[in-house]
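Thanks for coming. I will go through one structure today, part by part, so please have the sequence and the model open.

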Amino acid sequence: MTAAMRADAPATDGLDEAARARILAKAALFAPPSNELADGRRDLVGLSREELAAAMAEIGEQPFRAKQLWHWIYHQGVTDFAAMANIAKPLRAKLAERFAIGRPEVAADHLSADETRKMLFRFRDHEAVETVYIPDVTEDRGAVCLSSQVGCTLSCRFCHTGTQRLTRNLSAAEIVGQFMAMRDAYGEWPSPKGETPRLLSTIVLMGMGEPLYNYENVAKAMKIVMDGEGIGLSRRRITLSTSGVVPMMDRAGAELGVNLAVSLHAVTDDVRDVIVPLNRKYNIAELIAACRRYPGASNARRITFEYVMLKGINDSEADARRLVELIDGIPAKVNLIPFNPWPGSTYETSSGNAIRRFANIVMDAGYAAPVRTPRGQDILAACGQLKSKVAGAA
């Protein structure tokens, strides 16, 4: 980055707690439904340790019961109180009368020829989101791509989910429940320990919605996932992707410390204002400054810049050189993503030659620039496509 460009970037985030409060207040307008079932029972999935202990206290049980339940729910993956062998039968019956251990309903389940698996999960209010398992092509492991909202409020022009209005946020239970239901599907209970291989080895918050516009529920869900006595997935195995909600990037870095991915997709404000409208609120200079502040970024934990390659829009050699200048000095890699066309889109995928030229410029500057191989195209793998198809057929 040139000295002039650095001078343009704010020295601090320039955003105080009032900005974060406004974001959280708006999130409250799209709050998920309660965790109470129609029959009056309460779903225990998604409760924090403290909330679980409080629920036990409400029925006259000691705090250690919460630890037992935590183990059974998040380490063993049970959904039936009757399976909790170290809890006496009368208490199991009491728990079953008052509580439930839920999972989202599998409304659709598609397996691609390349083993990518996409599920449409439906919740109690009949809203639905997509979750995708993307296996590694060489090893027995893979990433689970989780959704954080029903629909999205950002309207990114190249994204199919952006055509779907934001209906509501997902609860912590609905976010962690996607991962737990995927584990059910792959039989990966109890939680693998230590260096035991995991098929579902990483989480990427890159599905439907903007995670940082539902920060509190996302953070609560990820704290459950990272708990060593439950699901036990390390923060190094979790990546949160944002389109650039700058005030919440600072909070996520301080409180969660998970890996950060940034949906950049353009290197000038005039282009990004169009294809990522959030840029009109938090421009590229503010976004890059927030990336420089993000705690824990290092060569071992690089920030990932996501860059969808759009023919004639953002794929020139000049764009590549500008990108290198923007991220200069940031421990980073750049994921180049050939655009995955969807019905109604006005964009085209960059040519193979254009992508190669772009990648070579970035790599020559010392940054990894892998070109993502399209996955699951035969099962509507572009985010939002399966939900739209099922909704349209309903």
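Which residue forms a salt bridge with Asp 43? The partner is Arg 124, and the closest N and O atoms of the two are 3.6 Å apart. Before I go on, please keep in mind that this is a predicted model.

Let me start with the domains. The protein chain is divided into domain 1, residues 40–98, and domain 2, residues 103–377. Their centres, taken over C-alpha atoms, are separated by 33 Å. Domain 1 puts 16 residues into the contact and domain 2 puts in 18 residues.

Now the area. The size of an interface is often given as the accessible area that is lost when the parts come together. Here domain 1 and domain 2 bury about 1,300 Å² between them, with 55% of it on carbon and sulfur atoms. On the side of domain 1, Val 45, Tyr 74 and His 75 lose the most area to domain 2, and together they make up 40% of what that side buries.

What about polar links across this interface? There are four salt bridges between domain 1 and domain 2. There are also nine residue pairs in polar contact across the interface, counting pairs with both residues at pLDDT 80 or more. Which elements give two or more residues to the side of domain 1 that touches domain 2? They are α3, residues 49–58, and α4, residues 64–76. The largest share of that side, seven residues, comes from α4. By type, the residues on that side divide into five nonpolar, seven polar and four charged.

Staying with helix α4, I would like to look at Gln 68, which sits in that helix. Is Gln 68 buried or exposed? Gln 68 has a relative accessible area of 15%, so it counts as buried. Its side chain is joined to that of Arg 65 by a polar contact of 2.9 Å. Not counting residues up to four places away in sequence, Gln 68 touches Asn 86 and Ile 87.

Ile 87 comes up again with the next residue, Arg 92, which is in helix α5, residues 89–98. Arg 92 has a relative accessible area of 17% and is therefore buried. What does its side chain reach? One target is the backbone oxygen of Ala 82, at 3.0 Å. Another is the backbone oxygen of Ile 87, which lies 2.6 Å from a polar atom of the Arg 92 side chain. Leaving aside neighbours within four places in sequence, Arg 92 is in contact with Phe 81, Ala 82, Met 84, Ala 85 and Ile 87. Phe 81 is eleven residues from Arg 92 along the chain, and their C-alpha atoms are separated by 5.6 Å.

Next, salt bridges in general. Side chains of opposite charge can pair when their charged atoms come close. How many salt bridges does a search of the whole structure find? The search finds 24. One pair is Arg 49 with Glu 229, at 2.9 Å from N to O. Arg 49 lies in helix α3 and Glu 229 in the loop between α7 (215–226) and β10 (238–242), so this pair ties together parts that are 180 residues apart in sequence. Both ends are partly exposed: Arg 49 at 28% relative accessibility, and Glu 229 at 40%.

A second pair is Arg 372 with Glu 306, where the closest N and O atoms are 2.9 Å apart. Arg 372 is in the loop between α12 (352–364) and α13 (385–393), and Glu 306 is in strand β12 (residues 303–309), so parts 66 residues apart in sequence are tied together. Arg 372 is partly exposed at 36%, whereas Glu 306 is buried at 4%. Salt bridges that share partners also join Glu 17, Arg 20, Asp 250 and Arg 293 into one network.

I will finish with the backbone. Where is the cis peptide bond? The bond from Trp 189 to Pro 190 is cis, with omega near -5°. Pro 190 is in the loop between α6 (172–186) and β9 (200–205). Glu 115 is not a glycine, yet its phi is positive, about 75°. Glu 115 is in the loop between β3 (105–111) and β4 (117–122). His 126 also has a positive phi, near 75°, and its place is in the loop between β4 and β5 (128–135). Glu 115 is partly exposed at 44%, while His 126 is exposed at 65%.

Notes: Residues numbered from 1 in each chain as written. Predicted model: local features only at pLDDT ≥ 70, side-chain atom pairs only at ≥ 80, totals over all residues. Heavy atoms only, no water. Helix = DSSP H or I, 4+ residues; strand = E, 2+ residues; numbered from the N terminus. Buried < 20%, exposed > 50% of the residue type's maximum accessible area, 1.4 Å probe, protein only. Domains from an automatic or database assignment. Contact = heavy atoms within 4.5 Å. Buried area = accessible area lost by both parts, 1.4 Å probe. Salt bridge = Lys/Arg side-chain N within 4 Å of Asp/Glu carboxyl O. Polar contact = N/O pair within 3.5 Å; in protein donor to acceptor, adjacent residues only side chain to side chain. Nonpolar A, V, L, I, M, F, W, Y, C, P; charged D, E, K, R; others polar.
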